Amino acid sequence: MHGEYKVPGGKLVVVDVETDAERITEFRLSGDFFLEPDEALEQIDAAVLGLPATATAADIGTAIREALPEGVTMMGLTPESVGVAVRRALAKATSFADYEWQLIDDEPRLPIQHVALDEVLANEVGQGRRGPTLRFWNLSGPAVYIGSFQSYRNEVDPENAERFGIPIIRRISGGGAMFSEPGNAITYSMYVPADLVQGMSFPDSYAFLDAWVIEALQGLGIDASYAPLNDITSPQGKIGGAAQKRLGSGGVLHHATMSYDMDADKMVQVLRIGREKLSDKGTTSAKKRVDPLRSQTGMTREAVQEALKATFRRLTKAADGELSAAELAAADELVASKFSTDTWLHRVP
C-alpha cells in the first residue's frame with residue numbers, strides 16, 4: 001500500500017506499507033524532506049515496523065518520537081505527519097492528482113442559495129455524480145451566517161439585523177458566526193470525496209484542503225499561514241476562517257471566508273461579538289474596517305480572486321465548470337424546505 005501526505009507548509013511524505021492481518025510487516029519512508037543524520041531514516045522505518053495495523057496517526061508519531069535519539073533534525077516533516085501518511089496508505093486514500101477537478105466562479109446569488117448549494121454539491125460529489133469541485137461564491141445580498149450548532153439568540157442581534165436588512169442564515173457546517181456583504185469578502189467552497197482526507201484528523205484535513213490558498217496568498221506577497229484549527233492568518237492579523245461538514249453520502253464540504261474590506265462597525269451591531277474577539281479578526285476598534293486582503297495586497301477583490309483561481313488551476317489542472325439545472329433545482333427545493341424555515345434557523349435557540 002502506498003500513501004502520500006503533503007505537510008501544510010512543509011514537504012511531501014511518502015510511505016510504502018505492507019501488513020498481515022494484525023501488524024505492519026514492511027515499511028519504507030521517503031520524500032523531499034530534510035533529515036539529519038542519515039541513520040534517522042532507518043530508525044524511523046524500524047519504529048513503525050511491527051506496530052498494529054490499527055495504530056492511529058498519533059500512536060505512530062509517538063512511536064517514532066520515542067525511537068529517535070536526541071539531536072535528530074527533521075525539516076519539512078514531523079513524526080505525526082509520517083503517521084498521517086501511514087493511515088492514508090492503509091485506508092487507500094486518494095490525492096488531489098487522482099481527480100479531474102472543476103472550478104466554478106459562480107454568478108451572484110442570494111446567500112441562502114449559496115448555503116443550499118453547498119449541501120447539494122457535497123452530496124453530489126459523495127454520491128459520485130459530480131467530480132471534486134471548487135466554487136467561488138459571489139453575493140447578490142448581505143447575510144449573517146451562524147454555525148450549525150450555535151445559539152441563535154447568543155450570536156445574533158435580530159433587531160439590528162432587521163434594521164440593516166440583513167437575513168440570518170444557519171449553515172450546515174460548524175464553527176462561528178460570519179457577516180458578509182457583496183464585495184467585502186472572498187468565500188469559496190470545496191466539495192470532495194471522503195477518500196481525499198482519509199487518515200487525517202480534522203485539524204490535518206483543514207490545513208490540507210486549504211494549502212493551495214496559503215500558497216496563493218504567499219504569491220501575492222502576504223505572509224500567510226494556517227493556525228489550527230481553522231484560521232487563515234498573517235502577522236498582521238486573521239485573514240479568514242474555514243468550516244467543514246462530512247456528510248453521510250461520503251462527500252465533504254470545506255468552505256472558507258476571507259475578509260476583503262468588511263464594515264466592522266456594522267458587524268458588531270448585527271453579531272453579539274466582543275471587542276476581544278473583534279481584535280482577533282484584525283482590528284481593535286469597531287470603527288475600523290476588517291480589510292486584510294485589501295490592505296496587504298493593494299489589489300481589487302476581483303483581482304485577488306482571479307489570482308486564487310490561477311493558483312488552483314496551476315496546482316490541479318482544474319477545468320472551468322458550471323452548475324447543472326438539476327443541482328440548481330435541488331438547491332431551490334432545500335431553500336424552501338429547510339434553510340428558510342424557522343425550524344432549521346432556530347434548531348439551537
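Q: Which residues is Thr187 in contact with, leaving aside its neighbours within four places in sequence?
A: In this predicted model, Thr187 is in contact with Arg135, Phe136, Trp137, Ala256 and Thr257, once its neighbours within four places in sequence are set aside. Thr187 itself belongs to strand β11, which runs over residues 185-193.

Q: What makes the pairing of the side chains of Thr187 and Thr257 a polar contact?
A: A polar contact needs a pair of N or O atoms within 3.5 Å, and the side chains of Thr187 and Thr257 make such a contact at 2.8 Å, so the pair is counted as polar.

Q: Why does Thr187 count as buried?
A: The word buried is kept for residues under 20% relative accessible area, and Thr187 has a relative accessibility of 9%, so Thr187 counts as buried.

Q: What places Glu181 among the buried residues, and where is Glu181 found?
A: Glu181 sits in the loop between β10 (178-180) and β11. With a relative accessible area of 19%, set against a cut-off of under 20%, Glu181 is therefore buried. Apart from residues up to four places away in sequence, Glu181 touches Leu139, Pro142, Asp263 and Lys266, and its side chain makes a polar contact with the side chain of Lys266 at 2.8 Å.

Q: Is Ser234 buried or exposed, and how do you know?
A: Ser234, which is part of strand β13 (residues 231-234), has a relative accessibility of 7% and therefore counts as buried, given that buried means under 20%. Leaving out residues up to four places away in sequence, Ser234 touches Ile222, Asp223, Ile239 and Gln296.

Q: What makes the pairing of the side chains of Ser234 and Gln296 a polar contact?
A: The side chains of Ser234 and Gln296 meet in a polar contact at 3.1 Å, and the cut-off for such a pair of N or O atoms is within 3.5 Å.

Q: Why is Lys92 called exposed?
A: A residue is called exposed when its relative accessible area is over 50%, and Lys92, with 59%, is therefore exposed. Lys92 is in the loop between α3 (79-90) and β6 (102-105), and its phi is near 55°, a positive value in a residue other than glycine.

Q: What makes Lys317 an exposed residue?
A: Lys317 has a relative accessible area of 67%, and since exposed means over 50%, Lys317 is counted as exposed. Lys317 lies in the loop between α12 (301-316) and β18 (319-320), and has a positive phi of about 60° although it is not a glycine.

Q: Which residues does a cis peptide bond join, and what is omega, in the loop between β4 and α1 that holds Pro37?
A: A cis peptide bond joins Glu36 and Pro37, with omega at about -5°, and Pro37 lies in the loop between β4 (34-36) and α1. A cis peptide bond also joins Pro228 and Leu229, with omega at about 0°, and Leu229 lies in the loop between β12 (225-227) and β13.

Q: Why are α1 and α2 called oblique to each other?
A: Two packed helices are described by the angle between their axes and the distance between the axes. For helix α1 (residues 39-48) and helix α2 (residues 57-67), the axes come within 9 Å and cross at roughly 130°. Angles over 145 degrees count as roughly antiparallel and those from 65 to 115 as roughly perpendicular; α1 and α2 fit neither range and are therefore oblique. The crossing of α1 and α2 is right-handed. In this contact Gln43, Ile44, Ala47 and Val48 of α1 meet Ile60, Ala63, Ile64 and Ala67 of α2, and by class the residues are seven nonpolar, one polar and no charged.

Q: How do you know that α2 and α3 are oblique to each other?
A: The axes of α2 and α3 come within 7 Å and cross at roughly 135°, and as roughly antiparallel would need an angle over 145 degrees, α2 and α3 are therefore oblique. α2 passes α3 in a right-handed crossing. Here Ala57, Ile60, Gly61, Ile64 and Arg65 in α2 meet residues of α3 including Pro79, Glu80, Val82 and Arg87, and the residues of this contact divide into seven nonpolar, two polar and three charged.

Terms used. Residues are numbered from 1 along each chain as its sequence is written. This is a predicted model: local features need pLDDT of at least 70, side-chain atom pairs count only at pLDDT 80 or more; totals for chains, interfaces and linings use all residues. Side-chain values use heavy atoms; hydrogens and water are left out. Helices (H or I, at least four residues) and strands (E, at least two) are DSSP runs, numbered from the N terminus. Buried means under 20% relative accessible area, exposed over 50%, partly exposed in between (1.4 Å probe, protein chains only). Contact means heavy atoms within 4.5 Å. A polar contact is a pair of N or O atoms within 3.5 Å; within protein, one must be able to donate a hydrogen and the other to accept it, and residues adjacent in sequence count only if both atoms are side-chain atoms. Axes are lines fitted to C-alpha atoms, for helices over the stretch in contact, and angles run from 0 to 180 degrees between N-to-C directions. Angles under 35 degrees count as roughly parallel, over 145 as roughly antiparallel, 65 to 115 as roughly perpendicular and the rest as oblique. A crossing is left-handed if the near helix is turned anticlockwise from the far one by less than a right angle, and right-handed if clockwise. Ala, Val, Leu, Ile, Met, Phe, Trp, Tyr, Cys and Pro count as nonpolar, Asp, Glu, Lys and Arg as charged, and the others, Gly among them, as polar.
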